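Visitor: I am new here and would like to understand the words people use for a structure like this one. Could you take me through them?

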Amino acid sequence: MISTKVFALIFAAACGVVSVDGFVSSSTSRLGNIQKSNLHATTAESAPDSLALFSPCKINLFLRIIRKRPDGFHDLASLFQAVGFGDTLTLSLNNYGEADEFTCNMEGVPTDSSNLVIRALELMREKTGKTSVYFNADLFKRCPAQAGLGGGSANAATAMWGANELMGRPATLEQLIEWSGALGSDITFFLSRGTAYCTGRGEIMTPIDPPLPSGAKLSIVKPNLGLSTPKVFKALDYDQLSTEDPQMLCDLFLKEGVVNTDDKYYINDLEQPAFDCLPELKALKDELLEVEGFDHVMMSGSGTSIFCIGEPTDKDAFMKEFDERDGVSVFNAAFISREEGSWFQDPSQPLAVVDESEEEVVAPIIEEGMTAEEAERVRESRLKAAEAMKESIPAEPDNSEIVVEDEGSSSNFSKGLRSILNGQRKFEESRFGEKGASYPTPSKWLE
């Protein structure tokens, strides 16, 4: 007789989800959740061997520049919000190496010690005293560079969180927050629950708890133009800075909500220098202000992304006009937050399914290369396969080669399969059609 768990592993191996010895395949690790990140009491003995973590982007609902400091940096005040568009960082322990190994899918991203992911791992070793622990890190990057979305900072914060989990949680969240300021200005924010009021260089964080509600829709419009943060600050005209009290702005957003807050309080002091450097960026914002359905339109951070709160009345026309335009990409997303003790979840990814017996069925493998039409045909065949599998599982033990021990586990297993397939369908629908993306698609499930 074969137990439900063994049967699940056999089925998953046939699908390419796990290898026949039960280990998660490396191709799954890039886009699937190898382990859920909301781990509870973790010890060195119970720590996971591998994690796939979502690395979310952020927007600045307002950004006030307060003053230039003697050290050359600027004091700012801003309300940060996490959004459900970002990268995936896969981390595992490098048990046989004496250095961290880092790979990234995006051309041009440095993979040496200058990358914030490597610097974050080095910082974790230094601060925890676990100097002999090294990692394999694979970053699947979607967030464009020089976008004002905090992609690199998010990668560093995600690496710190993941390393702490794999080490057995030697550090508290408060310690991670304290240490993160040494890496950069925005990294601390990503250790909040998703909404925070940040001051100083951005590293002084006041968490908003509870965070702003998840689910508020937005579109991020990114022209194929970049601006370095130093260049933007160099062009800053201090006489044109807003005089609005940033604490008042924060209180207003939290009281009124992002939609009802008056448009005049969506302030970004860095729009002026960015628009002076790239007049076409202001022209793009002006176009987006004319789109019916958007409540507010503003540049994020130091640019060059422009976010639009709300949904266009005619989404198809909007995507045709902007996403199909040469040199422009559109990423539709929503506000997200995380639960206490958990990490951020990618809303576009199918999560691992746990049945009532707490035996985990790993999310399906995803590979690149298929067209949307091919993926749809595969999805339909998988749904049919799941139905056939459900019907073929005997409710009572008999002399057949594969036997499930009880009727309950049979039902749970088939429900788990359907949950995975439906989750995968949502993922495909959310990803296909995004211009410029590498369309991640499923591999063959059944030969």
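Visitor: Which residues lie nearest the centre of the largest pocket?
Guide: They are Gly 150, Ser 153, Asp 186, Thr 229 and Ser 302, out of 44 lining residues. Please keep in mind that this is a predicted model.

Visitor: What makes a residue part of the lining of a pocket?
Guide: A lining residue has an atom within 4 Å of a point of the pocket. The lining of the largest pocket divides into 20 nonpolar, 19 polar and five charged residues. Helix α4 gives the most, with four residues.

Visitor: How do you know whether α4 has the span expected of its 16 residues?
Guide: At 1.5 Å a residue, α4 should span 22 Å, and its end C-alpha atoms are 22 Å apart, so the two values agree.

Visitor: Why is α4 called largely enclosed?
Guide: Because 15 of its 16 residues are buried, the rest of the structure largely encloses α4. Just after α4 comes Gly 168, with a positive phi of about 95°.

Visitor: Why is Glu 122 called partly exposed?
Guide: Partly exposed covers values between 20% and 50%. Glu 122 has a relative accessibility of 35%, so it counts as partly exposed. You will find Glu 122 in helix α3, and among residues more than four places away in sequence it touches Asp 100 and Ser 113.

Visitor: What makes Arg 69 and Asp 71 a salt bridge?
Guide: The cut-off is 4 Å between a side-chain nitrogen of Lys or Arg and a carboxyl oxygen of Asp or Glu. The N to O distance for Arg 69 and Asp 71 is 2.7 Å, so the pair meets the rule. Both residues also belong to a network of salt bridges with Arg 67 and Asp 75.

Visitor: Are the partners Asp 209 and Arg 193 buried or exposed?
Guide: Asp 209 has 53% relative accessibility, so it counts as exposed. Arg 193, at 18%, is buried, because buried means under 20%. These two form a salt bridge, with their closest N and O atoms 2.6 Å apart.

Visitor: Where do Glu 271 and Lys 285 lie?
Guide: Their side chains meet in a salt bridge at 3.0 Å, N to O. Glu 271 lies in helix α8 and Lys 285 in helix α9, so the pair ties together parts that are 14 residues apart in sequence. Both Glu 271 and Lys 285 are buried.

Visitor: How many salt bridges does this rule give?
Guide: The count comes to 13.

Note on methods: Residues are numbered from 1 along each chain as its sequence is written. This is a predicted model: local features need pLDDT of at least 70, side-chain atom pairs count only at pLDDT 80 or more; totals for chains, interfaces and linings use all residues. Side-chain values use heavy atoms; hydrogens and water are left out. On a 1 Å grid over the protein atoms alone, a cavity is a set of points where a 1.4 Å probe fits but cannot get out, and a pocket is an open set with protein on both sides within 12 Å along at least five of seven lines; lining residues have an atom within 4 Å of a point. Helices (H or I, at least four residues) and strands (E, at least two) are DSSP runs, numbered from the N terminus. Ala, Val, Leu, Ile, Met, Phe, Trp, Tyr, Cys and Pro count as nonpolar, Asp, Glu, Lys and Arg as charged, and the others, Gly among them, as polar. The expected span of a helix is 1.5 Å times one less than its number of residues. Buried means under 20% relative accessible area, exposed over 50%, partly exposed in between (1.4 Å probe, protein chains only). Contact means heavy atoms within 4.5 Å.
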